[in-house]
Amino acid sequence: FVSSAAKRLQSLGALLRGDRRALGAGADLKAFDIDNRYGTAAVTRLYSDLGGASVPMEGVRVPGGGDMLAFRRIAAEALAAVGIGTCTSNGPNLAPSFSVEKKFEGKVATFLNRLLGLPVNTQSLLFSYFHECFEAQVAVKKSKGEFDDGVVTLSAESVTLVPGFPREVHRCADSGALTHITKLRIDRGLSFANAGTQLAGARAAAAVARR
């Protein structure tokens, strides 16, 4: 899956370049990396919802027309077929009982790999719900101010520190450790001088090509 490829390419780039930007691909591939803490929470919630221990999180859309009963039946039987859990029918009008194997709980990589053994339409249904759960987990963390996007490289024409920052926001009473907040002003535009330089370069290249 792309998630695994993204991790491998980022690691390879970091080794070759000696930094974490992964040959410039890190920022582009990071969005495809779902094998992380939010992915773990999402796949755990998916299993919980399928087992009836919880209901879909706020904002989560149930694929296949929004019928949770039908989705639970299809998803539970599919995951049982690929060995992730066990599924027991409770009749035509009730959702089946589903329980995930202990060794597969929270394992995003296993979930994604086992999806490959299912029909494409079923893969799409399950991954769509997983992705909905993933986005919901991220939204909850962001709403609480707890979302951690990791270390991010800021690329801009200029990055300046806003006057008055960094600012102390907390001091630990026991250790005396300080927590600061830093506010930056980021200009991602293009200065007139740089625009002129790029234009001159493009014109020179065009002139050479016409010869």
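## Overall fold

The protein chain has 7 helices and 6 strands. This is a predicted model. From the N terminus onward, the elements run α-α-α-α-β-β-α-α-β-β-β-β-α.

The protein chain holds 211 residues, and buried residues make up 27% of them. Take the contacts between residues at least 6 apart in sequence: 55% of these join residues at least 24 apart.

## Nonpolar core

The largest nonpolar core contains 33 residues. Within this core, Tyr47, Leu79 and Phe111 touch the most other members. Several elements each supply at least two residues: helix H3 (37–50), helix H4 (68–81), strand E2 (97–100), helix H5 (108–115) and helix H6 (120–143). H6 gives the most, with 7 residues.

Phe111 deserves a closer look. Leaving aside residues up to four places away in sequence, Phe111 touches Val43, Leu46, Tyr47, Leu79, Ile84, Leu126 and Phe130. Two of the core's best-connected members, Tyr47 and Leu79, are thus on the Phe111 contact list.

## Cysteines

A search of the whole structure finds 0 disulfides. A disulfide is a covalent bond between the sulfur atoms of two cysteines. Cys87 is partly exposed, at a relative accessible area of 29%. Cys172 is also partly exposed, at 26%. Buried means under 20% relative accessible area, so Cys87 does not count as buried. Cys172 misses that cut-off too, because its value is 26%.

## Surface

The accessible surface of the protein chain comes to about 13,500 Å². Carbon and sulfur atoms account for 55% of that area.

Terms used
Residues are numbered from 1 along each chain as its sequence is written. This is a predicted model: local features need pLDDT of at least 70, side-chain atom pairs count only at pLDDT 80 or more; totals for chains, interfaces and linings use all residues. Side-chain values use heavy atoms; hydrogens and water are left out. A disulfide is a pair of cysteine sulfur atoms within 2.5 Å. Buried means under 20% relative accessible area, exposed over 50%, partly exposed in between (1.4 Å probe, protein chains only). A nonpolar core is a set of buried Ala, Val, Leu, Ile, Met, Phe, Trp, Tyr and Cys residues joined through side-chain atoms within 4.5 Å. Helices (H or I, at least four residues) and strands (E, at least two) are DSSP runs, numbered from the N terminus. Contact means heavy atoms within 4.5 Å. Accessible areas come from the Shrake-Rupley method with a 1.4 Å probe; for residues, only the protein chains shown count as cover.
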